[in-house]
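Let us walk through this structure together, one region at a time. Keep the sequence and the 3D view side by side as you read.

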Amino acid sequence: MAAEQGKVGLNAMDTKLEVAALQESVARMGIASRKEIEDWFRAETLGVSGTLDLLDWSGLIDSRTELSKHLVVPNMQTGQLEPLLSGFTEEEERQMRRMLQRMDVLAKKATEAGVRLMVDAEQTYFQPAISRLTLEMQRRFNVEKPLIFNTYQCYLRDAYDNVTLDLELARREGWCFGAKLVRGAYMAQERARAAEIGYEDPINPTYEATNAMYHRCLNYVLEELKNNGKAEVMVASHNEDTVRFTLRRMEELGLHPADRQVYFGQLLGMCDQISFPLGQAGFPVYKYVPYGPVMEVLPYLSRRALENNSVMKGARRERQLLWQELKRRLYTGNLFYRPA
């Protein structure tokens, strides 16, 4: 529908469709009668701008659950379109309810304990469901402060759209925005699946493009923090350039470490040359601790090392810095030196 109006290639929040042309598109699809369509696009629903953005459209879809029957996917055996949401067995329905109940218990416990709950990101073919469930928890629990954080993977081409849309939704609905920004860790799987099935690679083409995307998303969120004292962001990165970029923009925007709106995070045992100076300077720093059975944790860590070259560079640099500091202490006689 955006292509019909010549709006391809714009950022998600810049894509505003003319309502009259949109009504024609919906009518041609046979989704509803013209009378029903006119009832959807009322002035009290959309305002008087005559245009519709992606958040307006999502709101219309959400308010009309009968449209779920039009969410269809092709059956590869029969070639026929079948409803996407009608394939759950009774047991799967029970599993879904139990999952939602467990998420609710976790969120309530986090509220009682005064800690944040950060929902991790997975492959793009799982992520829409994860993000939707996270959004529903944010609407419910991020009332006074950000308790639930969603994770945004900046190696994705649509990362900026994902961040800007969710932040704008938080503004419109009045809940507190919380984000964790990461680069991403499923590059090999994503590209292999895209090639196998035949859709566009969702990953940025180069490491430099991913860095640019990370800084673009981070800058957008930091500018929001300047004007919104309740929004928060976790900069989950082992990249020294990204940390320097964050500190520089915080200084330019007047964001103070004591405000505790910007957090830093690295894996335990990695990039301490980043974590310790930040902590000593008064910035909130967290060390991420994977835990569980050894045979499950080791493959996780090895994937992070293989898929994130900057982590390996950071490990080599950290070893070099440790040797330099050890030699300095030996030469100066300050073997038990403690930094201030």
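A good place to begin is Glu 90, which is exposed, with a relative accessibility of 63%. Please keep in mind throughout that you are looking at a predicted model. The side chain of Glu 90 meets that of Arg 94 in a salt bridge, with 4.0 Å from N to O. Both residues belong to helix H5 (residues 90-113), and because they are four residues apart there, about one helical turn separates them. Arg 94 itself is partly exposed, at a relative accessible area of 35%.

A second salt bridge joins pieces of the chain from separate elements. Here Lys 180 pairs with Asp 120, and their closest N and O atoms are 4.0 Å apart. Lys 180 sits in strand E7, while Asp 120 is in the loop between strand E5 (117-119) and helix H6 (127-141), so this pair ties together parts that lie 60 residues apart in sequence. Is Lys 180 buried or exposed? Lys 180 counts as buried, at 10% relative accessibility, whereas Asp 120 counts as partly exposed at 30%.

Now turn to the early part of the chain. Lys 16 and Asp 53 bring their side chains together in a salt bridge of 3.9 Å, N to O. Lys 16 comes in the segment before strand E1 (17-18), and Asp 53 is in the loop between strand E2 (51-52) and helix H4 (54-63), so the pair ties together parts that are 37 residues apart in sequence. Asp 53 is buried, with a relative accessible area of 5%, and Lys 16 is partly exposed, at 35%. These two residues also belong to a network of salt bridges, in which Asp 56, Glu 168, Arg 171, Arg 172 and Glu 224 are linked with them. Across the whole structure, a search finds 25 salt bridges.

Let us step back for the overall picture. The chain has 340 residues, and 39% of them are buried. Its elements are 13 helices and 10 strands. How much of the contact pattern joins residues at least 24 apart in sequence? Among contacts between residues at least 6 apart, the share is 65%. On the outside, the accessible surface of the chain comes to about 20200 Å², and 57% of this belongs to carbon and sulfur atoms.

From here we can look inside. In soluble globular proteins, nonpolar side chains tend to be buried together. In this model, the largest nonpolar core has 38 residues. Which residues have the most contacts inside it? They are Phe 177, Leu 181, Cys 217, Leu 222, Leu 225 and Val 262. Several elements give two or more residues to this core: helices H7 (159-173), H9 (207-227), H10 (240-253) and H11 (272-280), together with strands E7 (178-182), E8 (232-236) and E9 (262-267). Apart from this core lies another one, of 12 residues, including Leu 17, Val 19, Leu 22 and Leu 52.

Leu 181 makes a handy guide to the surroundings of one core residue. Leaving aside neighbours within four places in sequence, Leu 181 is in contact with Tyr 152, Cys 154, Val 163, Tyr 214, Cys 217, Leu 218, Val 233, Met 234, Val 235 and Ala 236.

Two cysteines appear among those contacts, Cys 154 and Cys 217. A disulfide is a covalent bond between the sulfur atoms of two cysteines. How many disulfides does the structure hold? The count is zero. Cys 154 is in no disulfide, and the nearest cysteine sulfur, which belongs to Cys 217, is 4.2 Å away; a disulfide would need the two sulfur atoms within 2.5 Å. Cys 154 is buried, with a relative accessible area of 0%. Cys 176 also counts as buried, at 4% relative accessibility.

A detail of the backbone is worth a stop at Arg 260, in the loop between H10 and E9. The phi angle of Arg 260 is near 55°, a positive value in a residue other than glycine. Arg 260 counts as partly exposed, with 40% relative accessibility.

We finish on the surface. Trp 323, Leu 326, Leu 330, Tyr 331, Leu 335 and Phe 336 make a nonpolar patch there of about 790 Å². Trp 323 is found in helix H13 (residues 309-332), and Trp 323 is exposed, with a relative accessible area of 51%.

Note on methods. Residues numbered from 1 in each chain as written. Predicted model: local features only at pLDDT ≥ 70, side-chain atom pairs only at ≥ 80, totals over all residues. Heavy atoms only, no water. Patch = residues over 30% accessible without salt bridge, like charges linked within 9 Å, V, L, I, M, F, W, Y side chains within 5 Å. Areas by Shrake-Rupley, 256 points an atom, 1.4 Å probe, with all protein chains shown as cover. Buried < 20%, exposed > 50% of the residue type's maximum accessible area, 1.4 Å probe, protein only. Core = buried A, V, L, I, M, F, W, Y, C linked by side-chain atoms within 4.5 Å. Contact = heavy atoms within 4.5 Å.
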